[in-house]
Structure formats: C-alpha cells, structure tokens
Amino acid sequence: MIGVNLTAWILGPLLGVMTFLFIFRIILTWYPQVDLNRLPFNLIAWPTEPFLIPLRKLVQPIGGVDITPIIWVGIFSLLREILLGQQGLLTMLSRIN
C-alpha cells in the first residue's frame with residue numbers, strides 16, 4: 001500500500017496546482033494585451049500550453065472566447081475527485097489492509 005499512498009501524495013498536489021494554473025490562465029484570457037512570454041506570466045503559460053494546443057484543435061473559440069482552459073479545469077477537478085476524493089479509487093485502495 002506504500003505505492004498507493006505515494007501516488008496519492010504526488011497526484012493530489014499536482015492536480016491541485018494544475019487546476020490552480022488553469023484558473024489563472026482563464027483570468028489571463030480576460031487581458032489579451034498580456035504577453036505570455038514574459039515573467040511572471042510565462043510561469044503560468046509554460047505548463048498549461050501543452051494541454052491547450054491539442055484541445056484547441058477540437059474545440060473552437062465560442063464567440064471569440066477560448067474555453068479550453070475551462071474544460072481543463074473540469075477535467076483536472078474530475079480526475080482529482082475520481083482518484084482522491086472521499087470515495088476516490090486511490091483513497092479506497094489505501095484503506096484496504
């Protein structure tokens with residue numbers, strides 16, 4: 001069970017940080033004049049852009065608004081709940097003795 005606990009210990013913060021970064025990315029879309037190649041904005045753009053590029057090919061902007069960061073917030077929140085929530089898979093596995 002050490003492997004399950006270690007996985008949960010790593011995945012929890014990772015999924016939380018990614019959700020947090022995508023929420024900041026949503027806020028940055030409200031300011032189109034922001035240069036995402038300059039500090040501190042590139043610290044938000046660098047880890048999120050690899051996720052956004054393939055999804056932008058599938059989901060076109062709606063009314064000129066890029067909704068792909070919103071979709072990723074939903075995906076990461078769902079993954080966190082499925083794996084680490086109160087009835088999550090990793091949570092239930094860690095309770096088995």
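**H1 against H2**

I started with how H1 and H2 sit relative to each other in this predicted model. The two helices pack at an angle of about 85°, with their axes 10 Å apart. Angles of 65 to 115 degrees count as roughly perpendicular, so I logged H1 and H2 as roughly perpendicular to each other. Next I listed the residues in the contact. H1 brings Met 18, Leu 21, Phe 22, Phe 24, Arg 25 and Leu 28. H2 brings Leu 43, Ile 44, Ala 45, Pro 47, Thr 48, Glu 49, Phe 51, Leu 52 and Arg 56. I then sorted the H1 and H2 contact by class: eleven residues are nonpolar, one is polar and three are charged.

**The loop between H1 and H2**

I moved on to the chain that links these helices. H1 covers 2-28 and H2 covers 42-58, and Pro 40 is in the loop between them. I checked the peptide bonds here. Leu 39 and Pro 40 are joined by a cis peptide bond, with omega about -5°.

I looked up Leu 36, which is in this loop too. Is Leu 36 buried, exposed or partly exposed? Its relative accessibility is 26%, so I entered Leu 36 as partly exposed. I then asked what Leu 36 touches beyond four places in sequence. The list is Arg 25, Leu 28, Phe 41, Asn 42 and Ala 45. Arg 25 and Leu 28 also belong to the H1 side of the contact with H2, and Ala 45 belongs to the H2 side. I took one distance as well: the C-alpha atoms of Leu 36 and Arg 25 are 9.9 Å apart, with the two positions eleven residues apart in numbering.

Asp 35 lies in the loop between H1 and H2. Its relative accessible area is 35%, so Asp 35 is partly exposed. From Asp 35 to Ala 45, ten residues along the chain, the C-alpha separation is 9.9 Å.

**H2 against H3**

I turned to the pair H2 and H3. Their axes are 10 Å apart and the packing angle is about 115°. I therefore noted H2 and H3 as roughly perpendicular to each other. The crossing of H2 past H3 is right-handed. On the H2 side I found Phe 51, Leu 52, Leu 55 and Arg 56. On the H3 side I found Thr 68, Pro 69, Ile 71, Trp 72 and Phe 76. By class, the H2 and H3 contact holds seven nonpolar residues, one polar and one charged.

I checked Ile 62 in the loop between H2 and H3. At 54% relative accessibility, Ile 62 counts as exposed. I also took its distance to Arg 38: 27 Å from C-alpha to C-alpha, for 24 residues in sequence.

**H1 against H3**

The axes of H1 and H3 come within 9 Å and cross at roughly 160°. An angle over 145 counts as roughly antiparallel, so that is how I entered H1 and H3. Their crossing is left-handed. I copied down the contact residues. From H1 there are Ala 8, Leu 11, Gly 12, Leu 15, Gly 16, Met 18, Thr 19, Phe 22, Ile 23, Arg 25 and Ile 26. From H3 there are Pro 69, Ile 70, Trp 72, Val 73, Phe 76, Ser 77, Leu 79, Arg 80, Leu 83 and Leu 84. The class count for H1 with H3 is 15 nonpolar, four polar and two charged.

**The core**

Which residues make up the largest nonpolar core? I found twelve: Leu 15, Met 18, Leu 21, Phe 22, Ile 26, Leu 28, Ile 44, Leu 52, Leu 55, Trp 72, Val 73 and Phe 76. H1, H2 and H3 (68-84) each supply at least two of these core residues. H1 gives the largest share, six residues.

I followed Trp 72 out of this core. Leaving out residues up to four places away in sequence, Trp 72 touches Phe 22, Phe 51, Leu 52 and Leu 55. Of these partners, Phe 22, Leu 52 and Leu 55 are listed in the core.

**Thr 91 in H4**

My last entry is Thr 91, found in helix H4, residues 89-95. Is Thr 91 buried or exposed? Its relative accessibility is 15%, and buried means under 20%, so Thr 91 counts as buried. Beyond four places in sequence, Thr 91 contacts Leu 83, Leu 84, Gly 85 and Gln 86. Leu 83 and Leu 84 are also in the H3 side of the contact with H1.

Notes: Residues are numbered from 1 along each chain as its sequence is written. This is a predicted model: local features need pLDDT of at least 70, side-chain atom pairs count only at pLDDT 80 or more; totals for chains, interfaces and linings use all residues. Side-chain values use heavy atoms; hydrogens and water are left out. Helices (H or I, at least four residues) and strands (E, at least two) are DSSP runs, numbered from the N terminus. Buried means under 20% relative accessible area, exposed over 50%, partly exposed in between (1.4 Å probe, protein chains only). Contact means heavy atoms within 4.5 Å. A nonpolar core is a set of buried Ala, Val, Leu, Ile, Met, Phe, Trp, Tyr and Cys residues joined through side-chain atoms within 4.5 Å. Axes are lines fitted to C-alpha atoms, for helices over the stretch in contact, and angles run from 0 to 180 degrees between N-to-C directions. Angles under 35 degrees count as roughly parallel, over 145 as roughly antiparallel, 65 to 115 as roughly perpendicular and the rest as oblique. A crossing is left-handed if the near helix is turned anticlockwise from the far one by less than a right angle, and right-handed if clockwise. Ala, Val, Leu, Ile, Met, Phe, Trp, Tyr, Cys and Pro count as nonpolar, Asp, Glu, Lys and Arg as charged, and the others, Gly among them, as polar.
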